[in-house]
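This briefing concerns the structure shown below. Please keep the sequence and the model at hand while reading.

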Amino acid sequence: MTDNTQVYTDLTVATMEVSDTAYGLIEDAAIVVSKGKVAWTGPKADLPQDYSAQTQISLGGRLVTPGLIDCHTHIVHGGDRAVEFEMRLNGASYEEVARAGGGIVSTVTATRAATEEALIASALPRVDAMLAEGTCVLEIKSGYGLDQDTELRMLRAARAIAQTRPVRVTTSFLGAHAVPAEFTGGADAYIDTVCIPALRAAHAEGLVDAVDGFCEGIAFQPEQIARVFDVARELGLPVKLHAEQLSNLGGAKLAASYGAMSADHIEYLDEDGVAAMAEAGTVAVVLPGAFYTLRETQMPPIAALRKHGVPMALATDCNPGSSPMTSLLLTMNMACTLFRMTPEEALAGVTRHAAAALRLDDCGRVATDLRADLAVWNVSHPAELAYRIGFNPLHSRIFGGQS
């Protein structure tokens with residue numbers, strides 16, 4: 001027994017393990033944390049004698065869940081697009097906003113102009129808001145540089161966030177996010193002369209955990225994404241894809257053919273695409289923040305995903321344009337309200353299934369030998385986490401065993 005062992009009692013734990021009990025719920029439970037991991041969890045009555053002799057930390061009947069995981073964010077970027085938001089609400093067309101320098105061009109311009117230090121400083125308030133709601137793992141994408149220097153700078157900033165705050169960061173190279181203004185009409189040339197060389201450089205510097213892309217009429221065609229994914233495969237990097245958000249180009253099926261970690265957005269996904277994802281073990285990442293902000297009407301095929309057993313993760317999609325949201329709790333509520341997901345599906349979406357979307361097997365559940373990333377809530381039942389709107393019931397966050 002070590003001095004750094006903590007024995008938490010007087011709690012209910014939603015382990016999020018697959019079991020006969022909703023949420024993997026254990027009432028009147030105990031959790032033992034040692035050396036940054038969960039050493040034991042179960043009913044308090046079954047607490048092993050070695051642990052029951054330890055000083056116990058009462059959690060006052062609170063609920064404990066795995067620490068939350070935000071598996072799709074664009075949290076590192078320069079500037080904001082609040083003025084563009086106001087212009088749209090005042091009746092400006094997309095073309096008028098673009099002519100005024102809005103849209104992704106605005107974010108690319110601001111991001112290219114920002115130093116690494118400035119990118120970190122602007123991201124940290126958003127990160128802090130996420131941590132304050134129990135988030136322990138963040139995926140962060142590049143994609144607002146669209147040139148090699150800025151793409152690498154964004155990824156360095158993402159890596160630095162994990163050194164600045166108690167949070168785990170995974171990075172995704174998203175060079176195939178949009179065609180920059182200087183390559184208008186030249187998407188193929190951009191892929192070959194900027195995106196792929198930048199990917200190779202980022203990999204050589206150890207900045208990339210996965211490779212992402214945006215497969216859409218306003219971005220890149222499947223054959224262009226495939227060229228990027230071929231390089232990812234050569235480098236031994238897993239892939240994921242923004243797919244079927246605005247139309248169905250077969251992006252999810254393409255991603256599945258590469259054994260993708262996830263296909264994200266997927267509002268226009270058809271059943272063939274769902275079946276391909278199921279066969280490949282590709283997670284569906286549902287992003288209600290963008291659906292809400294863009295006032296979309298085509299909902300993701302939740303029923304088909306359930307039918308084929310495709311795991312459904314949830315994420316904020318935090319970005320300056322289509323989803324300026326940092327709240328996973330609000331994401332959960334939106335998923336239930338807008339897409340009719342259940343509260344249990346929503347909580348699994350920001351824990352167990354979000355971990356699967358990042359291919360992390362040491363978090364997302366409360367179980368022996370997994371990381372002690374835990375969220376302690378001032379609620380009695382996990383459904384309350386998806387039920388309330390604009391209310392944060394977090395009592396405390398435990399990250400790697402440290403509170």
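What should the 17 residues of helix 6 (residues 148–164) span at 1.5 Å a residue? The expected span is 24 Å, and the end C-alpha atoms are 24 Å apart, which agrees; the expectation is 1.5 Å times one less than the number of residues.

This is a predicted model, in which local features need pLDDT of at least 70 and side-chain atom pairs count only at pLDDT 80 or more, while totals for chains, interfaces and linings use all residues. Residues are numbered from 1 along each chain as its sequence is written, and side-chain values use heavy atoms, with hydrogens and water left out.

**Helix 6**
- Buried residues (under 20% relative accessible area, 1.4 Å probe, protein chains only) of helix 6 include Leu152, Met154, Leu155 and Ile161.
- The cover over the buried residues of helix 6 includes helix 4 (104–113), helix 5 (116–131), strand 6 (135–141), strand 7 (168–176) and helix 7 (187–204), where contact means heavy atoms within 4.5 Å.
- Helices (H or I, at least four residues) and strands (E, at least two) are DSSP runs, numbered from the N terminus.

**Strand 9 and its neighbours**
- Strand 9 (residues 240–243) is covered on both faces: Lys240 and His242 are buried on one side, Leu241 and Ala243 on the other.
- In a regular strand the side chains alternate between the two faces of the sheet.
- Strand 9 pairs (at least two DSSP bridges) in the parallel sense with strand 8 (residues 210–215) over two bridges, and Cys215 stands opposite Ala243.
- Strand 9 also pairs in the parallel sense with strand 10 (residues 262–265), over four bridges; Ala263 is the bridge partner of Leu241.

Key. Buried < 20%, exposed > 50% of the residue type's maximum accessible area, 1.4 Å probe, protein only.
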